[in-house]
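Okay, thanks for squeezing me in. Let me put the structure up, and then I'll walk you through a couple of spots.

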Amino acid sequence: MRAHSRVAGAGAAVAILLVAGCSSAGSKPAAAPRVRTVTVHLVATGCSPRALSLRAGATKFIVANTAAPAFNEFEIHKGSNIIAEAELVAPGVSKTFAITLAPGHYTTLCKGGATQSGSGTLVVTGKVSHAQSGISAEAAAQAVTRYRTYLDTQADALVARTSPFVDAVERGDIAQAKALYAAARVPYERIEPVAESFGDLDPRIDARENDVAAGHWSGFHRIERALWVENDVTAMGPTARQLLTDVTTLDHLVRTVPLQPATIANGAVELLNEVTTSKITGEEERYSHLDLVDVAANVQGSQAAFDAVAPLLPTSGAVSPHVIDARFTDIDHVLTPFRRGSGWVSYATLTPTDTRAISQATDGVAEPLSRVAELVLL
């Protein structure tokens, strides 16, 4: 979970705008589609500009933070869902995401910590033309099907693993709850960008104590503190039951979430951003120190999302599947020394050299991966 108010992910979350229709031209992209570029600045008062009016179609957003320490996130909302976002955009940093915008009215929001600016507007007009993409409707649909299968499987696993964990908490069996905690976390962390798309659901499941208003903290990490710090879960029954209700709701929602290849690719990048800007600090699992569980799950989820869209990419070049797969292998090599059987060492035992190596390997794959979404825009 990132270290600020939670909602949808990604250089854009596996964020999610389904566009009507797809091109029937070609089965492989000859080149990236003709993409419009839009820059949004994070400023002292929030977003600039607040009002955007764009034509429908392939769009690359650049979110630049020049001097806005209070704000680090730009979101696009459709109704109650976050459609796309750039997050963890620190001062002096720019992040991008790409998406095919369908016509309609959207709201925008800049956020940071518990603060948010007044919402803005995004009006998208015209019709989507896919003539430039070179990706066939069939190939795009296959990519979406591959990822949806993974997404549904992980959501099912989340419910299946959370249920016995909740049972142990309700019985007051601290040892058993601790033993089951890590396994329950894995599927959530693998699909985190999608999980973040549904308004308040993600904060209820995964917020850290400082991410939400006082008195509203619930979910995995509230129980984590009770297990590892308070050594007392007698008051955690309602929190545990609500957690199971929320992950069950998530399991149902992910089956209806619209997907397109570019937003799947955006989500792959977002999962790696979670590692390098949030998980690497050791603050996510601050009581249990099981952060490497989350790191590994984020990487696994990122690779699964990339694998879904990889067949749409050129077979050679800096953003080819061969290059990106090799970078994922590099991360695995860096993480391997920290494995212990089916688990991981305590994050508290890692040295600055260790965490630097993990960050560098993760950045190594995030850089070419960040260019994939633009290549697979419809």
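When I say helix or strand here, I mean a DSSP run, with at least four residues for a helix and at least two for a strand, numbered from the N terminus. Counted that way, the chain has eleven helices and twelve strands. Do keep in mind that this is a predicted model.

Quick overview of the whole chain. There are 378 residues, and 56% of them are buried. If you take the contacts with a separation of 6 or more, 77% come from residues 24 or more positions apart. On the outside, the chain exposes about 14200 Å², with carbon and sulfur atoms supplying 55% of that.

Now, the cysteines. How many disulfides does the structure hold? Just one, between C47 and C110, with the sulfur atoms 1.8 Å apart. C47 sits in strand β2 and C110 in strand β8, so the pair ties together parts that are 63 residues apart in sequence. The link is right-handed, with 110 degrees about the S-S bond. And are those two cysteines buried or exposed? Both C47 and C110 are buried.

Last stop, a helix pair. Helix α1, residues 137–171, and helix α5, residues 220–230, have axes that come within 13 Å and cross at roughly 40 degrees. The crossing is left-handed. Which residues meet there? From α1 you've got L158, T162, F165 and V169, and from α5, F220, I223 and L227. That contact splits into six nonpolar residues, one polar and no charged.

That's my tour, happy to rotate the view for anyone.

How values were computed:
Residues are numbered from 1 along each chain as its sequence is written. This is a predicted model: local features need pLDDT of at least 70, side-chain atom pairs count only at pLDDT 80 or more; totals for chains, interfaces and linings use all residues. Side-chain values use heavy atoms; hydrogens and water are left out. Axes are lines fitted to C-alpha atoms, for helices over the stretch in contact, and angles run from 0 to 180 degrees between N-to-C directions. A crossing is left-handed if the near helix is turned anticlockwise from the far one by less than a right angle, and right-handed if clockwise. Contact means heavy atoms within 4.5 Å. Ala, Val, Leu, Ile, Met, Phe, Trp, Tyr, Cys and Pro count as nonpolar, Asp, Glu, Lys and Arg as charged, and the others, Gly among them, as polar. Buried means under 20% relative accessible area, exposed over 50%, partly exposed in between (1.4 Å probe, protein chains only). Accessible areas come from the Shrake-Rupley method with a 1.4 Å probe; for residues, only the protein chains shown count as cover. A disulfide is a pair of cysteine sulfur atoms within 2.5 Å.
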